[in-house]
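Welcome! Please take a moment to look over the sequence and the 3D view, and then we can walk through them together.

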Amino acid sequence: SLKFRPGLTFYLATVLVDMVDLLEQDAAVNASGSEAALLLVLPKLRFLGMNLARQSQLAHEQSSPSTLQWPEQAAESCTILFVLASICIFNLVFCCRPKVTGEELIPGARELRPEGCERVDTGALTGLRGLAALHVAFGHYASGSKFQLDLIGGASMSFFYLLSGFIMTLGYTKKLDARRFLRNRVARLLPTYLLTNVLGYALELASLHSMPASVRQFSAPGGAFSLGFNFVLTLFGFNMWVYPANAWLGTKYQILLPSNGVTWTVQTMMVFNFLFPVILPRLQSIRNRPAMIHALYWIQGFTFMAVFALGLCWLNGQYGYWTARAWPLGRLPVFAMGCLAALERQHGEMSTSCYLCCPFRCLAGGDAKTWGRRATAAGLIYVILLVLGIIAMQMTKPTMAEMMDPSSNAANTYVSIRALWEAFAPMLFIVLIVALTRCGEEGLAARLCRWKAVNYIGDISMAFYMTHILVLEFFTLTFNLSSYGQTPLWLLALAMLVSLSVGAILTQCFEAPLRRLLRS
C-alpha cells in the first residue's frame with residue numbers, strides 16, 4: 001500500500017478513495033486545489049472523528065460492511081438496540097429515580113455535617129479547566145503536525161463532565177429553581193455554540209466547492225444536502241442524540257458531528273443540564289456517597305467498553321468509540337459522579353474518602369499540605385498515564401490505508417488504546433478536583449492552577465475550545481501551505497495564539513454581554 005509523503009497529494013488521494021477511475025475524472029484538477037481541499041477534510045476527519053472507517057465502504061463493501069443490514073444481520077442489530085436501550089433505561093433509573101414521598105431531601109445520616117454546607121474553595125478549578133482545554137487543543141494541533149502525535153486529548157473530556165456536575169451542584173444545592181437554572185445554562189452555552197457552528201458550516205461549504213469530485217465523495221458523500229441536513233441537526237443540538245443510528249444508515253446518510261465538530265461536547269452536556277433538576281434530588285438522598293461514586297465509576301467504564309466492543313466487532317472502531325464517548329445517556333454516570341463528589345465535599349465528614357481506595361474503609365483526612373501533595377500526585381499520575389498511552393499509540397499507529405479499513409487490526413488497536421484511557425480516567429479527576437478544593441495554595445498542582453495566566457485561560461476556555469479548530473481550518477484553507485500531517489509548526493503556533501485571542505474577545509464582547517441579557 002502507498003504511504004503518505006510530503007507533496008504527493010495525488011497518492012494520498014489514491015489511498016483515501018481507493019478508486020482510480022474517480023481520480024481519472026479529476027485529472028484536470030490541479031494539485032494545489034486538491035491539496036487545499038484535503039487540508040480541511042483530513043484534519044476534521046482525523047481530529048474530530050468523522051467516522052474514518054465508514055467511508056471505506058467504497059472499497060470494502062463486500063468484506064467488511066460499515067452498516068448493519070436487515071434482516072441479514074437482525075441478531076447483531078437487536079443486540080446493539082438491546083444494549084443501548086438497557087444503558088439508557090438503567091442510567092436514567094439509577095441516576096434519576098424520583099424522590100419517595102416523605103423522604104428527606106438530605107437525610108440526617110452520619111455522613112452529613114450538622115452545621116450545614118461547607119464553603120468550598122473552587123479557585124484552582126478554573127485553572128484546571130484551562131489546562132484541560134489546552135490539552136485538548138494541543139492534541140488536535142499535534143495530530144496535524146509533522147509529528148502526527150495523538151496526545152489523547154479525549155481523556156480530558158470526562159473531566160469537563162465531572163467538573164460541570166461538581167460546580168453546578170455546589171451552586172444549586174440549597175435552592176434549585178429549575179426554570180431559572182435552565183435559562184442560565186442556555187444563556188451560558190447557546191450564543192457561542194450557534195455562532196461557531198454557523199462559521200463551521202460556512203467553512204464546510206467553502207471547502208466543499210473547492211474539492212475535486214473524488215475527495216468530495218470521500219468527505220461528504222451526500223454533498224451539500226448532507227451538510228445542510230447535518231447543520232439543521234446541529235442547530236437543534238441533536239447530532240449526538242441520534243448518532244447511534246449510524247449503525248443502520250447508508251454511507252450517504254450518516255449522522256456527522258456538528259458543523260463545528262468540537263461542539264459535540266456541548267450537545268452532550270446540554271442533556272446533563274436538562275436532567276440536572278431531576279438528578280439532584282435523587283443524589284441528595286443517597287447516604288453512602290463514596291460507595292455510589294465507585295459504583296457509578298465502574299458502571300460508566302463497563303458501559304463505555306461494552307458499546308465500544310460491539311462497534312468494534314460488528315461495525316468499526318470509530319462507530320463504537322464515538323457512540324461510547326459522546327452519546328449523552330451513556331455518559332450520564334460520569335456527570336452524576338461529579339454531582340456526588342460535590343455533595344460529599346459540602347456535607348461529608350472532615351475526613352473525606354480519597355475514592356481511589358475502598359470506599360468503606362479509606363478516610364483520607366489531612367491538612368492543606370497533605371491534600372496539596374495528593375493533588376500533585378493525582379496530576380502526575382495522570383500525566384504519566386498519558387505519556388504511556390501516547391507511546392503505545394505511536395508504536396501501534398496504523399498507516400492511512402489501514403485507518404480506512406474497518407477490518408484493520410492496527411486501526412482497531414490504535415483506537416482501543418484511546419478508548420481505554422478515556423473510559424477509566426474519571427476517578428483520577430475526582431481525586432484531583434476534591435484535593436484542589438481542600439489544599440488552598442499548597443502543592444505544585446494548586447500553584448499551577450492558581451497561576452493568573454492559567455486562570456485566565458480557564459475563564460475563556462469555553463470560547464477558546466469552540467474556536468480553536470475553526471481558526472486552524474481557516475488558516476490552512478487560506479494559506480494552502482501544506483498537506484495534512486505536514487502543517488508547519490509556525491502555523492500551528494499562530495493558530496493557537498489567534499485562537500486564544502479570539503476566545504478572549506468572544507468571551508468579553510459576545511458571550512458575557514449576551515449571557516447577561518438572556519439571564520435578565
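In which helix is V198 found? V198 belongs to helix α8, which covers residues 178-209. This is a predicted model, so please read everything below with that in mind.

**A nonpolar patch on the surface**

V198 is a good place to begin, since its relative accessibility of 41% makes it partly exposed. Together with V232, L235, F236, F238, W241, V242 and F274, V198 forms a nonpolar patch on the surface, and the accessible area of these residues adds up to about 720 Å². Two helices, α10 (223-236) and α11 (239-242), each give at least two residues to the patch. The largest share is that of α10, with 3 residues.

Helix α11 also holds N239. Is N239 buried or exposed? N239 is buried, because its relative accessible area is 0%. Setting aside neighbours within four places in sequence, the contacts of N239 include N230, L233 and T234, along with I255, L256, L257, P258 and Q267. For one of these partners, P258, the C-alpha to C-alpha distance from N239 is 6.4 Å, with their positions 19 residues apart in sequence.

**The chain as a whole**

Stepping back, you can count 23 helices and 0 strands in the protein chain. The chain has 520 residues, and 59% of them count as buried. Its accessible surface is about 21400 Å², and carbon and sulfur atoms account for 66% of that area. Among contacts with a separation of 6 or more, 83% are between residues 24 or more positions apart.

Helix α15 (residues 332-347) makes a nice example to look at more closely. With 16 residues at 1.5 Å a residue, α15 should span 22 Å, and the 23 Å between its end C-alpha atoms agrees with that. How many of the residues of α15 are buried? The count is 16 of the 16, so α15 is largely enclosed by the rest of the structure.

**Salt bridges**

The structure holds 7 salt bridges. Three of them are set out here.

| Salt bridge | Closest N and O atoms |
|---|---|
| D121 with R450 | 2.5 Å |
| E422 with R325 | 2.7 Å |
| E511 with R515 | 3.2 Å |

Let us take D121 and R450 to start, a salt bridge whose closest N and O atoms are 2.5 Å apart. This pair links distant parts of the chain, with the two positions 329 residues apart. D121 sits in the loop between α5 (74-96) and α6 (123-143), while R450 sits in the loop between α20 (444-449) and α21 (452-459). D121 is partly exposed, with a relative accessible area of 33%, and R450 is partly exposed too, at 23%.

Next come E422 and R325, which also form a salt bridge. Why does this pair tie together separate parts of the sequence? E422 lies in helix α18 (residues 409-423) and R325 in helix α14 (residues 317-326), so the pair joins parts that are 97 residues apart in sequence. Both E422 and R325 are buried.

The salt bridge of E511 with R515 stays inside one helix, as both residues lie in α23 (residues 489-519). They are 4 residues apart, about one turn of the helix. E511 counts as buried because its relative accessibility is 3%. Elsewhere, salt bridges that share partners connect D150, R325, R418 and E422 in one network.

**Aromatic pairs**

A search of the whole structure turns up 20 aromatic pairs. One of these is F160 with Y465: their ring centres are 6.4 Å apart and their planes meet at 40°, so the pair is tilted. Here again distant parts of the chain are linked, with F160 in helix α7 (residues 157-172) and Y465 in helix α22 (residues 461-479), 305 residues apart. F160 counts as buried at 13% relative accessibility, and Y465 is buried with a relative accessible area of 6%.

How do the rings of Y321 and W322 compare? Their centres are 6.0 Å apart and their planes are at 80°, so this pair is edge-to-face. Y321 and W322 are both buried. Finally, look for the cluster in which ring pairs link Y161, Y172, F181, F272, F276 and F335.

Note on methods:
Residues are numbered from 1 along each chain as its sequence is written. This is a predicted model: local features need pLDDT of at least 70, side-chain atom pairs count only at pLDDT 80 or more; totals for chains, interfaces and linings use all residues. Side-chain values use heavy atoms; hydrogens and water are left out. Patches are made of residues with over 30% relative accessible area and no salt bridge: like charges are joined within 9 Å, nonpolar side chains (Val, Leu, Ile, Met, Phe, Trp, Tyr) within 5 Å. Accessible areas come from the Shrake-Rupley method with a 1.4 Å probe; for residues, only the protein chains shown count as cover. A salt bridge is a side-chain nitrogen of Lys or Arg within 4 Å of a carboxyl oxygen of Asp or Glu. Buried means under 20% relative accessible area, exposed over 50%, partly exposed in between (1.4 Å probe, protein chains only). The expected span of a helix is 1.5 Å times one less than its number of residues. Contact means heavy atoms within 4.5 Å. Rings of Phe, Tyr and Trp (its six-membered ring) pair if their centres lie within 6.5 Å; planes under 30 degrees apart count as stacked, over 60 as edge-to-face and the rest as tilted.
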